[in-house]
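User: Could you take a close look at the aromatic rings in this one? I'd like to know which rings pair up and where they sit.

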Amino acid sequence: MAGIEPRPGIMDIALYVGGKSSVDGLSNVIKLSSNENPFGPSPAAQDAVRRAVHDIHRYPSTDHAELRAAIADVHNLDADRIICGVGSDEVLQFLAQAYAGPGDEVIHTEHGFAMYAILARAVGATPVEVPERERVVCVDSILAACNERTRLVFIANPNNPTGTMISFAEIERLAENLPPQAILVLDGAYAEYVEGYDGGARLVEARQNVVMTRTFSKLYGLGGMRVGWGYGPQHMIDVLNRIRQPFNLSNVALKAAEAAIRDTMYVEKSREENTRWRAWLAEALAEHGVPSDASTANFVLARFGSPDEAAACDSFLQSQGILVRRVTGYKLPAALRITVGDEASCRRVAHCIGLFKAGAR
Ligand SMILES: Cc1ncc(COP(=O)(O)O)c(C=O)c1O
């Protein structure tokens, strides 16, 4: 409207497009488009939600002390250095709001998570995209792009949508060589899927310029609850808490997350099933002539011969009631990202891709 204008840069933001959740005319679709846990939330989290319903007339805790204590317990961290958000997206947003603005640069990688550029633009900063090497984050490219305007470097490890990850030594090298005013944000949305990986907590403990984000949306099966958290040096957590709304997380969400993180058996089982069916799916796709990089997350990035073939396969899968994710917006137009579902879903999607490939030949 004439006279009423948003801040410069806001209208340059491309709307985030989530994974499809329905197909016209079909009920009972198999949804493999949003990297959700196929087994849902743990029964303990479901019970906690039912119990928490009785208290929803009360305002929730403002300091999230119980959830932070549970996270600290399970991960052996300092509870004072944990901050909880409405999904890890909100913690990423706090970081952008607190540390970047007009004239600043925010680095993300070629196939990095779409929210990084959106969050940078939302605060008036400039997103800077750096190349990856064969769909793997390249520390040298990131360091080459750093300058005195760089404020944040966002890396997902494992990365979405590629599923690849870089070693601790590489992350450490990156953190060590960043300019003094820059923060390394290690997005660990898929860290739980990697046996023995702490998401970068060790590096956070050792340094003043690294922060880690984590989520309850993936392995914990609580995407609909919207709970995430961050772990950082005390000076950063003190800053982020100043811009966090006091009641950002509901009673129900806090209780669900606390029960979920304490249900370590469920976590273990979900990780094991994922590892098993991810390997099976990757192999089955390879047998049908569809390669993928070794994934460390709960999805595989299936590569097709061309963007047209990927689009045609996506349409065929939809006609069969299977939803996967096109990743053209991630500069991977010839690929489809497929969440590792339960056994039946993995078998079905592999079978249908086999049919598609046989027909296409
Ligand atoms: C790499 C990465 N980071 C962060 C998120 C945000 O997750 P949430 O806000 O649900 O915690 C996602 C979700 O898809 C993701 O893939």
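Analyst: Here's a walk through the ring pairs, then the charges over rings and the cavity.

Keep in mind that this is a predicted model. The count comes to 8 aromatic pairs. Take Tyr190 and Phe299: they pair edge-to-face, with 5.2 Å centre to centre and 80° between the planes. Tyr190 lies in the loop between strand 6 (183-187) and helix 7 (201-206) while Phe299 belongs to strand 9 (residues 299-303), so this pair ties together parts that are 109 residues apart in sequence. Both Tyr190 and Phe299 are buried.

Phe316 and Phe356 make a tilted pair, because their planes are at 35° with the ring centres 6.2 Å apart. This pair also links distant parts of the chain, 40 residues apart: Phe316 is in helix 11 (residues 307-319) and Phe356 in helix 12 (residues 343-360). As for accessibility, Phe316 is partly exposed at 23%, whereas Phe356 is buried at 11%; the cut-off for buried is under 20%.

Then there's a cluster: ring pairs link Tyr16, Phe113, Tyr116 and Phe154.

Charges get in on the act too. Arg202 has its charged end over the ring of Phe168, 4.0 Å from the centre, and Lys269 does likewise over Phe39, at 4.4 Å.

Phe39 turns up again in the lining of the largest cavity, along with residues including Glu36, Tyr193, Glu273 and Val340. That cavity has a volume of about 70 Å³, and its lining residues divide into 4 nonpolar, 5 polar and 2 charged.

Definitions and conventions:
Residues are numbered from 1 along each chain as its sequence is written. This is a predicted model: local features need pLDDT of at least 70, side-chain atom pairs count only at pLDDT 80 or more; totals for chains, interfaces and linings use all residues. Side-chain values use heavy atoms; hydrogens and water are left out. On a 1 Å grid over the protein atoms alone, a cavity is a set of points where a 1.4 Å probe fits but cannot get out, and a pocket is an open set with protein on both sides within 12 Å along at least five of seven lines; lining residues have an atom within 4 Å of a point. Grid points are joined across faces, edges and corners, and a volume is the space filled by probe spheres set on the points. Ala, Val, Leu, Ile, Met, Phe, Trp, Tyr, Cys and Pro count as nonpolar, Asp, Glu, Lys and Arg as charged, and the others, Gly among them, as polar. Rings of Phe, Tyr and Trp (its six-membered ring) pair if their centres lie within 6.5 Å; planes under 30 degrees apart count as stacked, over 60 as edge-to-face and the rest as tilted. Helices (H or I, at least four residues) and strands (E, at least two) are DSSP runs, numbered from the N terminus. Buried means under 20% relative accessible area, exposed over 50%, partly exposed in between (1.4 Å probe, protein chains only). A charge sits over a ring if NZ of Lys or CZ of Arg is within 6 Å of the ring centre and within 35 degrees of the ring normal.
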